[in-house]
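Work through the exercises below with the coordinates open. Try each task before reading its solution.

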Amino acid sequence: MRIIEFDLHGFRNLRDARLSFPDDGVALVGRNAQGKTNLLEAIHYLETFRSFRGSRDEDLVRFGSDHFRLEAVLEGNGKISRLTAAFQRRPKEKRVTLNGDAVSRLGDVIGSAATVLFTPEDIGLVRDGPAGRRRFLDVLLALSSPDYLRALQTFRHALSQRNAALRSRADGSAVSAWNPTLLRAGAEVSWSRAVWVRAFAPVFGERYAEVSGGEAALLSYQPSVTDAFEAVAAEDLVERYRAALAASREQEASRLTTVVGPHRDELAFFDAGRDGRRDLRAYGSGGEQRTVALALRLVELETARDRRGLEPILLLDDVFAELDENRSERVLEVLDRVAPGQVILTAPKESDVRFRGQRLTRWAIEDGAIGS
Ligand code: ATP
Ligand code: MG
């Protein structure tokens with residue numbers, strides 16, 4: 001997939017512009033705080049319709065303005081599409097169109113643009129708490145499958161209603177009324193995540209080895225309702241979940257929240273340390289954690305190709321800044337091999353643009369103004 005044209009209006013510090021992207025992409029070069037990440041954020045917005053930085057739509061509107069509008073002409077599998085997203089503050093309204101038609105449910109267009117974004121903050125996926133890892137899985141799987149998105153929405157709704165009932169100390173039946181929905185949707189969410197991990201763990205291992213220069217690492221899904229996921233059949237998972245829920249009643253009563261389910265599951269990374277399996281979330285070095293994060297993004301790329309049939313646009317936000325020379329050389333090699341499509345990368349200095357040598361078109365960015 002590639003972005004051909006991009007119309008920007010009122011987005012963060014970026015000047016209003018109509019950009020025409022070369023087929024193989026661009027290197028966006030500019031000092032700190034000029035708007036490099038903002039441009040990647042704007043492109044990425046058209047895939048998920050939210051900020052990858054977790055900002056609210058309100059925060060994406062240029063200071064002093066009242067709305068933003070993004071419009072892209074994209075090409076994927078030989079088909080041209082035109083996608084727009086607009087948000088206005090007052091009255092608050094978000095509008096999305098695909099090929100001129102208004103889209104009433106975002107779920108219908110989420111993922112029609114495909115990107116994979118690498119940012120320095122990705123290290124947080126490994127180092128920080130489990131919520132970010134679950135979000136990673138949820139976004140990835142929701143983009144790959146409408147069924148997953150539906151199951152996730154159903155689960156979240158049931159969970160929040162059930163937690164509200166627990167908090168209000170309602171009688172047991174008000175709580176357990178949510179159990180069937182919670183169990184069915186929750187088991188589907190956990191199961192889909194685990195199936196994905198099982199399918200893509202080998203790719204993860206391969207990419208980790210390639211970037212690290214031969215080290216082995218493992219990707220593992222750890223559901224909160226059973227230790228031995230591998231031994232459980234899909235239909236048995238609901239039963240396990242039911243049993244775990246029943247066993248957690250006392251804990252629920254004291255903590256006033258649902259304590260087992262996919263919202264408590266974990267994604268873990270291990271390598272073979274000298275004294276056995278070593279948990280890279282807790283004990284990995286900065287470089288190792290960064291390598292895990294890179295491997296995860298590379299697996300995301302593979303997933304888009306495999307499950308969505310799309311070759312994503314590669315968005316590289318200043319990613320080589322903190323890797324040692326060897327690792328960054330190897331990342332470049334891997335990316336060149338596995339992602340031959342369009343790439344939009346940012347770098348603070350011309351000398352940091354090593355990807356694809358001199359072939360990539362340079363654009364300068366200063367104070368939100370993009371020029372060649
Ligand atoms: P770095 O190299 O430090 O990562 P960058 O070029 O990626 O810098 P951006 O993150 O894109 O910088 O941010 C550029 C500027 O945009 C920042 O100075 C920020 O304050 C500004 N900015 C953020 N949100 C808005 C907004 N809603 N309106 C106007 N400016 C904004
Ligand atoms: Mg930046």
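Five exercises follow, on a predicted model.

**Exercise 1. The ligand shell**

Task: Find how many residues surround ligand 1, and which side-chain or backbone atoms lie 2.7 Å from its oxygen atoms.

Solution:
- Step 1. Collect the shell. Ligand 1 is surrounded by 15 residues. The closest are Asn32, Ala33, Lys36, Thr37 and Arg53.
- Step 2. Sort the shell by class. Six residues are charged, six are polar and three are nonpolar.
- Step 3. Assign the shell to elements. Helix α1, residues 36–48, gives the largest share, with three residues.
- Step 4. List the polar contacts. Ala33 uses a backbone N or O atom, 2.7 Å from an oxygen atom of ligand 1. Lys36 places a side-chain N or O atom 2.7 Å from a ligand oxygen. Arg53 does so with a polar side-chain atom, also at 2.7 Å.
- Step 5. Check the cover. On its own, ligand 1 has 660 Å² of accessible area, and the protein covers 74% of that.

**Exercise 2. The end of a helix**

Task: Decide whether Thr48 is buried or exposed, and find the partner of its side chain.

Solution:
- Step 1. Locate the residue. Thr48 belongs to helix α1, the helix that also gives the largest share of the ligand 1 shell.
- Step 2. Apply the cut-off. Buried means under 20% relative accessible area. Thr48 has 11%, so it is buried.
- Step 3. Find the polar partner. A polar side-chain atom of Thr48 lies 3.2 Å from the backbone oxygen of Arg50.
- Step 4. Add the contacts from farther along the sequence. Beyond four places away, Thr48 touches Ile110, Val139 and Leu143.

**Exercise 3. The nonpolar cores**

Task: Name the residues that touch the most other members of the largest nonpolar core, and the element that gives the most to this core.

Solution:
- Step 1. Take the core as a set. It has 45 residues. Phe136, Trp196, Phe204, Leu219, Tyr241 and Phe269 touch the most other members.
- Step 2. Map the core onto elements. Those supplying at least two residues each include α3, α4, α5, β9, β10 and α11. Helix α7 gives the most, twelve residues.
- Step 3. Inspect one hub. Leaving out residues up to four places away, Phe204 touches Ala217, Leu218, Leu219, Phe269, Val292, Ala295, Leu296 and Val299.
- Step 4. Look for another core. A second, separate one has 38 residues, among them Tyr45, Leu60, Phe68 and Ile365.

**Exercise 4. A serine in α7**

Task: Which backbone atoms does the side chain of Ser212 reach?

Solution:
- Step 1. Place the residue. Ser212 is in helix α7. Its relative accessibility is 6%, so it counts as buried.
- Step 2. Look back in sequence. The Ser212 side chain reaches the backbone oxygen of Tyr208 at 2.7 Å.
- Step 3. Look ahead. The backbone nitrogen of Glu215 is 3.1 Å from a polar atom of that side chain.
- Step 4. Leave aside neighbours within four places. Ser212 is then in contact with Thr291, Arg327 and Arg330.

**Exercise 5. A strand residue**

Task: Describe the surroundings of Phe270, and give its C-alpha distance to Arg95.

Solution:
- Step 1. Place Phe270. Strand β10, residues 266–273, holds it.
- Step 2. Classify it. Phe270 is buried because its relative accessibility is 8%.
- Step 3. List its contacts beyond four places. These are Ala216, Ala217, Leu218, Ser220, Gln222, Arg277, Arg278, Asp279 and Leu280.
- Step 4. Compute the separation. Phe270 and Arg95 are 175 residues apart in sequence and 43 Å apart, C-alpha to C-alpha.

Conventions: Residues numbered from 1 in each chain as written. Chains lettered and ligands numbered in written order. Predicted model: local features only at pLDDT ≥ 70, side-chain atom pairs only at ≥ 80, totals over all residues. Heavy atoms only, no water. Helix = DSSP H or I, 4+ residues; strand = E, 2+ residues; numbered from the N terminus. Buried < 20%, exposed > 50% of the residue type's maximum accessible area, 1.4 Å probe, protein only. Contact = heavy atoms within 4.5 Å. Near = heavy atom within 4 Å. Polar contact = N/O pair within 3.5 Å; in protein donor to acceptor, adjacent residues only side chain to side chain. Areas by Shrake-Rupley, 256 points an atom, 1.4 Å probe, with all protein chains shown as cover. Nonpolar A, V, L, I, M, F, W, Y, C, P; charged D, E, K, R; others polar. Core = buried A, V, L, I, M, F, W, Y, C linked by side-chain atoms within 4.5 Å.
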